[in-house]
Amino acid sequence: STGDHLRTLIGPDIKIPSNIFYDVHTWQKTVRDLDVVIGPRIHGSMVPLSVGVPSVTIKADTRISELCDEMDLACYPEGTKEDFQERILSAMNHFDGRKFDANRKVKAQLYREMFEEIGLTLNRDLVTLEE
């Protein structure tokens, strides 16, 4: 399980909170006051970023690894628990918020163009990512 994987990396004495959210606003409210969010799921990394909280995604498999690379996220490469803190700090230090925003803007433009080609209008919230 994800919790077991994290526990092997950081040790048994660290509390690993786990929550299930049914709406994004509650999720955002919950993570807003955290210092950092670390986890193996893309949505679990994107929600904190949406409220200005740093996040590090653990590259648990090739799918997550590819998404991390494609979206310019701060990602933790798999490694041993001996260097967990160093790798997390390194991932956070290498995250470039401006590069992430620029990449997101380009992707939003591409989606808008694809949607327009087939006669669909992109949701206004997504259009604002281009601005």
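In strand β3, Y76 is the bridge partner of I58. This pair of residues is a convenient place to enter the structure, which is a predicted model. The bridge between them belongs to a set of 2 that join β2 to β3, and these two strands run parallel. On the side of β1, 3 bridges join β1 to β2, again with the strands running parallel. Here V37 stands opposite S55 of β2.

Taken together, the 3 strands form an open sheet with parallel pairing, in the order β1-β2-β3. The edge strands are β1 and β3, the latter made of residues 75-76, and each of them pairs on one side only. What of the two faces of β2, and which residues lie on each? S55 and T57 lie on one side, V56 and I58 lie on the other, and all of them are buried, so that both faces of the strand are covered.

The sheet may now be placed within the whole protein. There are 7 helices and 3 strands, and from the N terminus on they follow the order α-α-β-α-β-α-β-α-α-α. Of the 131 residues in the protein, 27% are buried. Among the contacts with a separation of 6 or more, 31% are between residues 24 or more positions apart. The accessible surface comes to about 9,200 Å², and carbon and sulfur atoms account for 53% of that area.

Helix α3 deserves separate attention. The helix spans residues 42-50, and within this range I42, G44, S45, V47 and P48 are buried. A general property of helices helps in reading such a list: an α-helix has 3.6 residues a turn, so residues three or four places apart point the same way. Against which elements do the buried residues of α3 pack? They pack against helices α2 (24-31) and α4 (62-71), and also against strands β1 (37-39) and β2 (55-58). After α3 comes G52, which has a positive phi, near 80°.

Another positive phi occurs at D72, with a value of about 60°, although D72 is not a glycine. In general, most residues other than glycine have a negative phi. D72 is placed in the loop between α4 and β3.

Helix α3 also takes part in the second largest pocket, which has a volume of about 410 Å³. This pocket is lined by 15 residues, and the closest to its centre are H43, M46, V47, S50 and R104. Two or more lining residues come from each of α2, α3, α6 (97-117) and α7 (124-127). Which element gives the most to this lining? The answer is α3, with 6 residues. Sorted by class, the lining of the pocket has 10 nonpolar, 3 polar and 2 charged residues.

The tour ends between α6 and α7, where the loop holds N123. Is N123 buried, exposed or partly exposed? Its relative accessibility is 46%, and because partly exposed residues lie between the limits of 20% and 50%, N123 counts as partly exposed. Finally, N123 may be compared with R112 in sequence and in space: the two are 11 residues apart along the chain, and their C-alpha atoms are 9.1 Å apart.

How values were computed: Residues are numbered from 1 along each chain as its sequence is written. This is a predicted model: local features need pLDDT of at least 70, side-chain atom pairs count only at pLDDT 80 or more; totals for chains, interfaces and linings use all residues. Side-chain values use heavy atoms; hydrogens and water are left out. Buried means under 20% relative accessible area, exposed over 50%, partly exposed in between (1.4 Å probe, protein chains only). Helices (H or I, at least four residues) and strands (E, at least two) are DSSP runs, numbered from the N terminus. Contact means heavy atoms within 4.5 Å. Two strands pair if DSSP finds at least two bridges between them. Accessible areas come from the Shrake-Rupley method with a 1.4 Å probe; for residues, only the protein chains shown count as cover. On a 1 Å grid over the protein atoms alone, a cavity is a set of points where a 1.4 Å probe fits but cannot get out, and a pocket is an open set with protein on both sides within 12 Å along at least five of seven lines; lining residues have an atom within 4 Å of a point. Grid points are joined across faces, edges and corners, and a volume is the space filled by probe spheres set on the points. Ala, Val, Leu, Ile, Met, Phe, Trp, Tyr, Cys and Pro count as nonpolar, Asp, Glu, Lys and Arg as charged, and the others, Gly among them, as polar.
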